[in-house]
Amino acid sequence: MPEPPRQCQPLWREEFSVSKADERYVNRRQLAKFLTLGSLGMFAGNVWIVVRGWFRHAPQFARATVARAGEMQVGGVKLFQYPNPGDQCIMVRTAEDQYVAYSQKCTHLSCAVYYSRELDRLECPCHQGFFSIHDGSVLQGPPTRPLPKVVLERQGDELIAIRMEPEA
Amino acid sequence: MSRFIKPLQNRGLTAIDAVTALIVILLIVQMWMLSATLDIDLAGHTDAAVPAAIASGLLCACCFALYAFVRRIDRHARDE
């Protein structure tokens, strides 16, 4: 029995053709459609990132007293939590009148960094990532981003954390 | 329509395969771009988000254009 013209066939018959020649076309067309919708999904993902950036609020940092000026000796270390409980930070007294503080979380895989007094740098023991004690920049190893810095302000005898840079 | 593949249909299939390969390449670029933008965004930098979205939109438009081409070839070859 001769087949009716394609325009007269129902859609299901076209999409589930018994003809091998037609089936090849359907398979390829559906793959192309699937890939194109995937491309649309990727674009939607990028748009979502942009929209998320628009609605992101700048974090508010509370002022918190984290240490007293004389309580550490030069080269001494103090751990504290800032800006939230559980956000571990490390403070180092690098000179008589100089204090620096950074997030203790390595920017590679979040291991805790520690201060190496001999080499005067912060070190991540997990993958040997090293950070400058002066500005938190990466000296060596797999991390690509510097350690977030805790900005300190001295008020009399007290060292006060006022914000993080860059804002996490 | 014959149940056998005609030469013109065969050429149509080859063209569709080539276009599909192009779409795959564009999709891989888009996937890389999305993962890189997400990585930068999670690091707290938002500068790259808008240019990446524009580039991704252009690639997406290219994919739709190629898909429209596939449909045209498909219709043309199957009507033969």
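**Close-up 1. Arg63(A) and Glu153(A) meet through their side chains in a salt bridge, at 2.7 Å from N to O.** This is a predicted model, so take the distances here as computed ones. The pair ties together distant parts of the chain, with the two residues 90 residues apart. Arg63(A) sits in the loop between helix 2 (20–54) and strand 1 (64–68) of chain A, while Glu153(A) belongs to strand 9 (residues 149–155) of chain A. How accessible is Arg63(A)? Its relative accessible area is 49%, so Arg63(A) is partly exposed, just short of the "over 50%" that would make a residue exposed. Glu153(A) is partly exposed too, at 27%.

**Close-up 2. Lys78(A) pairs up with Glu71(A) in a salt bridge.** Their closest N and O atoms lie 3.1 Å apart. Lys78(A) comes in at 22% relative accessibility and counts as partly exposed; buried would need a value under 20%. Its partner Glu71(A) has 43% and is also partly exposed.

**Close-up 3. Arg163(A) and Glu165(A) make a salt bridge.** Here the closest N and O atoms are 2.7 Å apart. Both ends are partly exposed: Arg163(A) has a relative accessible area of 34%, and Glu165(A) shows 36% relative accessibility.

**Close-up 4. Arg52(A), Arg56(A) and Asp41(B) belong to one network.** What joins these residues? Salt bridges that share partners do the linking, with residues from chain A and chain B taking part. For the wider picture, searching the whole structure turns up twelve salt bridges over all chains.

Note on methods: Residues numbered from 1 in each chain as written. Chains lettered and ligands numbered in written order. Predicted model: local features only at pLDDT ≥ 70, side-chain atom pairs only at ≥ 80, totals over all residues. Heavy atoms only, no water. Salt bridge = Lys/Arg side-chain N within 4 Å of Asp/Glu carboxyl O. Helix = DSSP H or I, 4+ residues; strand = E, 2+ residues; numbered from the N terminus. Buried < 20%, exposed > 50% of the residue type's maximum accessible area, 1.4 Å probe, protein only.
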